[in-house]
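User: Please walk me through this model, and tell me in each case what a term rests on before you use it.

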Amino acid sequence: MVLSRPASESDLSVLSTSASRYVRDSLPRYKMPESSIPKEAAYQIIHDELLLDCKPKLNLASFVTTLMEPECDKLVMESINKNYVDMDEYPVTTELHNRCVNMIARLFHTPLGESEDAIGVGTVGSSEAIMLAGLAFKRKWQNRRKAEGKPFDKPNIVTGANVQVCWEKFARYFEVELKEVNVREGYYVMDPVKAVEMVDENTICVAAILGSTYNGEFEDVKLLNDLLLEKNKQTGWDTPIHVDAASGGFIAPFIYPELEWDFRLPLVKSINVSGHKYGLVYAGIGWNIWRSKDDLPEELIFHIKYLGAEQSTFTLNFSKGSSQIIAQYYQLIRLGQEGYKNIMENCHENAMVLKEGLEKTGRFEILSKDDGVPVVAFSLKNKKAGHDEFVVSKMLRRFGWIVPAYPMPAGAQHVIVLRVVIRAEFSRTLAERLVHDITTVLHELDKLPPKVSSEVEENGDNGVVSKRKSDLETQREVTTHWKNYVIAQKEIKRQKVMAS
């Protein structure tokens, strides 16, 4: 244990961290300090700097859970020093992991016997889960091609252009060609017809998204399955489907139970889901479930003996914490299907409250769907003044909201959207407040002069070229306009006070 150096006799202020010598110097940024400091000072100066981060609950850019019950937090802290990979030393933790796999697998209609164990693994998130699923598809395809005496050096995978970046990572890291189906304005997910057209004999799988990152929309996995079955029948290929259910995997089973997207479809061979999204666990847990043992090549599984007993492992990393696995099991048994259903319905209702509030302004076009992940994606109808979605996003930060603005994927990159993710901890009151603050921002933008983006403009009617205002001139004009607006508002308030 590192012992803190005792304070010198001259440093009588050490009992008050805020007045001690430890806060009078800048924190080390590049080199480890030579001396120790008191634990109280270390905590306080780091704690204070972290205050500059946004409030997690108001981070509407993220799908990741930011609030769990105190009892679950307690379990997390009690198990934070357990390394999950030490299965022989922590057999109960391993058992809880396996219970989670079995529960999630049955949630996805995996064809299993009543007491049959499912094939699956806990990961640090859906990114690792997708890497593992992709490796399984690649190896199965390679083995089949080798057995047929055919080339196996040019594998590809078909996805929509709206996939999360982890798919691009998989393709680049593991040398698989990524064939993307471009989206189009008004249709922002993968078109199953176009996806199947891109499939060839080197396609290791088609990846469908249950909950697009861009607008929360579910892709039509059922149609994809039917079209691909027909193509496989015609060609003799055996191209399978992976479902990236990172966001929608804990939503569809509870509020869209009749939707066929999972192992009820014969070509779906594996599914990933993020426990730290709508699985309602803090960041650091994902799951991948395979349909059967045949879908996970045995040569990808490692058997190790140097941790006390022989154990099997199929992960990209080795050591990892146990806390999130235990937290996932807590949520599954604490909430049950009833609890998850109530929470997902509440998220959907709050998304509708936000959507309707935005529609009432008359200023936005809604680009998300009512059915899907509880996400509201919207864009401005009128940008004549030059104030776009990026300006709205920036101005909302003054109220504490983090609402991202970004272009749609390839095929519709000219469409810029704002997106709000409705999580379990996002209340009706916050939804109403967000609508109020967005409306306030719109009113403020209406009072600003038009935004100018370049120095000259040409009048198309008479060919006259006029000099536009410089950035500095525009900034000064905006500042003056804003200053006058604030003064006017203060005067209105003063008059109201005098009248009362």
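User: What makes residues of helix 3, such as Leu96 and Val101, count as buried?

Analyst: Buried stands for under 20% relative accessible area, with exposed over 50% and partly exposed in between (1.4 Å probe, protein chains only), and in helix 3 the buried residues include Thr93, Leu96, His97, Cys100, Val101, Ile104 and Leu107. This is a predicted model, in which local features need pLDDT of at least 70 and side-chain atom pairs count only at pLDDT 80 or more, while totals for chains, interfaces and linings use all residues. Residues are numbered from 1 along each chain as its sequence is written, and side-chain values use heavy atoms, with hydrogens and water left out.

User: How do you know that the span of helix 3 agrees with its number of residues?

Analyst: The expected span is 1.5 Å times one less than the number of residues, so the 17 residues of helix 3 (residues 91-107) should span 24 Å, and the end C-alpha atoms are indeed 24 Å apart. Helices (H or I, at least four residues) and strands (E, at least two) are DSSP runs, numbered from the N terminus.

User: Why is glutamate 260 called partly exposed?

Analyst: Its relative accessibility is 32%, and because partly exposed covers what lies between the buried and exposed limits, glutamate 260 counts as partly exposed. Glutamate 260 is found in the loop between helix 8 (252-255) and strand 6 (268-274), and, leaving aside neighbours within four places in sequence, glutamate 260 is in contact (heavy atoms within 4.5 Å) with Lys222 and Leu265.

User: What makes helix 10 mostly covered?

Analyst: Six of the eight residues of helix 10 (residues 389-396) are buried, namely Glu389, Val391, Val392, Ser393, Met395 and Leu396. These buried residues pack against strand 11 (375-380), strand 12 (405-407), strand 13 (416-421) and helix 11 (428-446). At the N-terminal end of helix 10, aspartate 388 acts as a cap, with a side-chain oxygen 3.1 Å from the backbone nitrogen of phenylalanine 390.

User: How do you know that strand 10 and strand 11 pair?

Analyst: Two strands pair if DSSP finds at least two bridges between them, and strand 10 and strand 11 have three bridges, in the antiparallel sense, so the definition is met. Within this pairing, isoleucine 366 has phenylalanine 378 in strand 11 as its bridge partner.

User: Which strands make up the open sheet, and in what order?

Analyst: Four strands form the open sheet in the order 10-11-13-12, with antiparallel pairing. Strand 10 (364-366) and strand 12 are the edge strands, since each pairs on one side only.

Conventions: Polar contact = N/O pair within 3.5 Å; in protein donor to acceptor, adjacent residues only side chain to side chain.
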